[in-house]
Amino acid sequence: MKGNLIIISSPSGGGKGTLIREVLASVPEIEYSVSYTTRERRFGEEDGKHYNFISVPEFRDKIDENEFLEYAHVHGNFYGTSLIETERKLNDGQDVILEIDVQGALQVMKKVPGAAISIFILPPSFDVLKARLTSRNTESPEDLALRLRNASGEIEQYPKFDFVVVNDEIFSAARKLASIIISERQREVRQIDRIKGIIGSFEQSKQMNTGE
Ligand code: 5GP
């Protein structure tokens, strides 16, 4: 059975990283897509785990070779999702979480219309977003200002997403996120092979009972 492609977007500082960690720990059969980026590695980030860190020429080569499901230039750096890795995980039956910006999210929705589940994580207010971004202390003052400026434009894109989760309290928001992912697995089209097997077993028993 093929897994579901789950797009999760929010402005920088929206808290999606923490939320996604919670979901990965509580929902089985789900994998995180490790993106490629040309951004500098932050303290504590591991190559291959948080991102695959590559140079701009390496990134451009991957664009030329059509290796990305989507890619975008975000806050001054390139970020992209590996097409082959995503397909491999989905074909293994795993749900795949893409933690990507709104430009990338719109590209994926266009490429696989109706097939991806898109979720927008909305911070409870601008002030909370600013406080979260400032307190994590990972950006330079210029980069912080750029991310806050970009946030308003990003937030306007929320109507294009299937779901909106307000991240006011982390555990409550993580539960909402997990419940969306689990509910989506129950759609008829997403479990058609299993359903057919079950229906087939009823038909067999009917034939046995009527002696056909
Ligand atoms: P950060 O530099 O804070 O890790 O990420 C900046 C933004 O880039 C975030 O909104 C993050 O979700 C987004 N991002 C991370 N990976 C990808 C990706 O593969 N593609 C796109 N389009 N955006 C990404």
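How far does a polar side-chain atom of Tyr-79 lie from an oxygen atom of the ligand, and what is the distance? In this predicted model, the separation comes out at 2.5 Å. Arg-42 also puts a polar side-chain atom by a ligand oxygen, at 2.9 Å. With Glu-99 it's the backbone that takes part: one of its polar backbone atoms is 3.4 Å from an oxygen of the ligand. Taken on its own, the ligand has 510 Å² of accessible area, and the protein covers 96% of that.

Now step back to the shell around the ligand. There are 19 residues in it, and Ser-35, Arg-39, Tyr-51, Tyr-79 and Arg-147 come nearest. Sorted by class, the shell holds eight charged, six polar and five nonpolar residues.

So where does the ligand sit? Its place is the largest pocket. Strand E5 (68-74) and strand E6 (77-82) are the elements that give two or more residues to the ligand's shell. The pocket itself has a volume of about 1,100 Å³. Its lining runs to 41 residues, with Gly-17, Arg-42, Tyr-51, Glu-99 and Arg-136 closest to the centre. Elements giving two or more residues to this lining are helix H1 (16-26), E5, E6, helix H5 (126-136) and helix H6 (141-155); H1 gives the most, with six. By class, the lining has 17 polar, 13 charged and eleven nonpolar residues.

The second largest pocket holds about 340 Å³ of space. Among its 18 lining residues, Lys-2, Gly-3, Leu-5, Leu-90 and Ala-115 lie nearest the centre. Helix H3 (83-91) gives the most to this lining, with four residues. Ten of the lining residues are nonpolar, four polar and four charged.

Methods:
Residues are numbered from 1 along each chain as its sequence is written. This is a predicted model: local features need pLDDT of at least 70, side-chain atom pairs count only at pLDDT 80 or more; totals for chains, interfaces and linings use all residues. Side-chain values use heavy atoms; hydrogens and water are left out. A residue is near a molecule or strand if one of its heavy atoms lies within 4 Å of it. A polar contact is a pair of N or O atoms within 3.5 Å; within protein, one must be able to donate a hydrogen and the other to accept it, and residues adjacent in sequence count only if both atoms are side-chain atoms. Accessible areas come from the Shrake-Rupley method with a 1.4 Å probe; for residues, only the protein chains shown count as cover. On a 1 Å grid over the protein atoms alone, a cavity is a set of points where a 1.4 Å probe fits but cannot get out, and a pocket is an open set with protein on both sides within 12 Å along at least five of seven lines; lining residues have an atom within 4 Å of a point. A molecule sits in a cavity or pocket if more than half of its atoms lie within 2 Å of its grid points. Ala, Val, Leu, Ile, Met, Phe, Trp, Tyr, Cys and Pro count as nonpolar, Asp, Glu, Lys and Arg as charged, and the others, Gly among them, as polar. Grid points are joined across faces, edges and corners, and a volume is the space filled by probe spheres set on the points.
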